[in-house]
Amino acid sequence: MQTIINQLPSFFTYYNVMLLLWGIGSTLLLTAIGCSAGFLFGSLIAFVRTTRSAWLFPLKAAMIAYVEFFRRIPFLVILFIVLFAAQVILPTISLFGIAAISVCLLSTAYLSEIIRAGIDSVQRPQIEAAEVMNFSRWRTMWEVILPQAWKVILPPATSFVIMFIKDTSLASQMGVTELMFTGKILANRGFSGLLVYTVILLCYFAISYPLSRFAAWMENKLATSNRKKSSGVVRPDAGFAGFQPYN
């Protein structure tokens with residue numbers, strides 16, 4: 001403990017703090033890239049998978065195979081698969097680029113399932129009523145399905161983002177300078193491991209705790225909204241709070 005107290009003044013220098021901020025920024029950037037791509041491509045996959053068109057069956061089968069494959073293998077394995085594949089296809093790509101591709105592959109698989117579950121939660125008679133009124137598929141999705149589905153999608157999607165922030169620490173195994181890797185750099189400079197990784201722990205907590213509180217607030221708000229509706233004319237579907245995106 002005395003060692004930690006003695007190292008505190010030299011640990012929180014300008015350059016060490018800037019290194020930690022760089023690591024936090026890289027972690028947040030990886031999360032933002034992964035989740036943005038995941039929402040975009042996950043929405044496309046969910047849309048195709050919920051259509052009933054026969055000519056899209058080969059595409060649907062390929063998307064199901066993709067989702068099931070990347071949800072069944074560890075993120076660290078995905079990182080190294082992309083690393084070795086990139087050495088052949090894109091030999092000049094940076095380690096950060098490899099990590100970004102890896103997080104996009106993983107987040108697309110998980111978020112597509114969350115979005116698909118939200119779409120499936122909309123009661124079938126409402127979609128059939130839109131079809132009877134000659135709504136196009138896109139109009140049905142935009143005006144009937146999404147206004148109801150997003151309430152089901154948002155809580156588990158936020159939980160996924162929080163878990164995703166922590167999972168990006170695995171990119172440090174490849175040498176990507178994110179938050180966990182900055183801890184390794186500081187430990188290699190001779191600082192106490194307990195001091196270094198306690199600071200890293202606090203940084204992860206400072207990032208993820210506000211998001212977890214936001215997710216809890218959003219879930220309570222949506223639950224209250226559903227209870228109000230259930231006392232009126234519309235009866236919503238069963239809740240989605242128990243969904244675990246990492247099943």
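**Exercise 1. Lys221 and its distant partner**

Task: Decide whether Lys221 is buried, partly exposed or exposed, and find how far its C-alpha atom is from that of Lys151.

Solution: Start with the surface. Lys221 has a relative accessibility of 47%, so this residue counts as partly exposed. Keep in mind as you work that the model is predicted. Next, place the residue: Lys221 sits in helix H9, which covers residues 193-230. Finally, look at the pair. Lys221 and Lys151 are 70 residues apart along the chain, while 9.9 Å separates their C-alpha atoms.

**Exercise 2. The whole chain**

Task: Describe the protein chain by its secondary structure, its span and its contacts.

Solution: Begin by counting elements: there are 9 helices and 0 strands. Reading along the sequence gives the pattern α-α-α-α-α-α-α-α-α. Now take the dimensions: the C-alpha trace spans about 75 × 50 × 25 Å along its principal axes. Of the 247 residues in the chain, 41% are buried. For the contacts, take those between residues at least 6 apart in sequence; 76% of them join residues at least 24 apart.

**Exercise 3. Two sides of a helix**

Task: Work out which residues of helix H1 are buried and which are exposed.

Solution: Helix H1 covers residues 2-11, and its buried residues include Ile4, Gln7 and Phe11. Looking down the axis of H1, you find the buried residues within an arc of 70°, which means they line one face of the helix. Turn to the other side of H1, where Gln2, Asn6 and Pro9 are exposed.

**Exercise 4. Where two helices cross**

Task: Describe how helix H2 and helix H7 cross and which residues meet there.

Solution: First the geometry. The axes of H2 (residues 14-49) and H7 (residues 137-167) come within 11 Å and cross at roughly 145°. The crossing is right-handed. Then the residues: from H2, the contact involves Thr27, Leu30, Thr31, Gly34, Cys35, Phe39 and Phe47, and from H7, Arg137, Trp138, Met141, Ala157, Val161, Phe164 and Ile165. Sorted by class, the contact of H2 with H7 has 10 nonpolar, 3 polar and 1 charged residues.

Stay on H7 for one more step. Thr158 is also in this helix, and its relative accessible area of 8% makes it buried. Setting aside neighbours within four places in sequence, Thr158 touches Leu211, Phe214 and Ala215.

**Exercise 5. Looking for disulfides**

Task: Find how many disulfides the structure has, and explain why Cys35 does not bond to Cys104.

Solution: Searching the whole structure turns up 0 disulfides. To see why, use the cut-off: the two sulfur atoms must be within 2.5 Å. The cysteine sulfur closest to that of Cys35 belongs to Cys104, and at 9.2 Å it is too far for a bond. Cys203 is in no disulfide either; its nearest cysteine sulfur, in Cys35, is 19 Å away. As for the surface, Cys35 is buried at 7% relative accessibility, and Cys203 is buried with a relative accessible area of 14%.

**Exercise 6. A backbone angle to notice**

Task: What is the phi of Asn134, and where does this residue lie?

Solution: Recall the background first: most residues other than glycine have a negative phi. Asn134 is not a glycine, yet its phi is positive, about 65°. The residue lies in the loop between helix H6 (124-132) and H7. With a relative accessible area of 68%, Asn134 is exposed.

Notes
Residues are numbered from 1 along each chain as its sequence is written. This is a predicted model: local features need pLDDT of at least 70, side-chain atom pairs count only at pLDDT 80 or more; totals for chains, interfaces and linings use all residues. Side-chain values use heavy atoms; hydrogens and water are left out. Buried means under 20% relative accessible area, exposed over 50%, partly exposed in between (1.4 Å probe, protein chains only). Helices (H or I, at least four residues) and strands (E, at least two) are DSSP runs, numbered from the N terminus. The arc is that of the directions from the helix axis to the C-beta atoms. Axes are lines fitted to C-alpha atoms, for helices over the stretch in contact, and angles run from 0 to 180 degrees between N-to-C directions. A crossing is left-handed if the near helix is turned anticlockwise from the far one by less than a right angle, and right-handed if clockwise. Contact means heavy atoms within 4.5 Å. Ala, Val, Leu, Ile, Met, Phe, Trp, Tyr, Cys and Pro count as nonpolar, Asp, Glu, Lys and Arg as charged, and the others, Gly among them, as polar.
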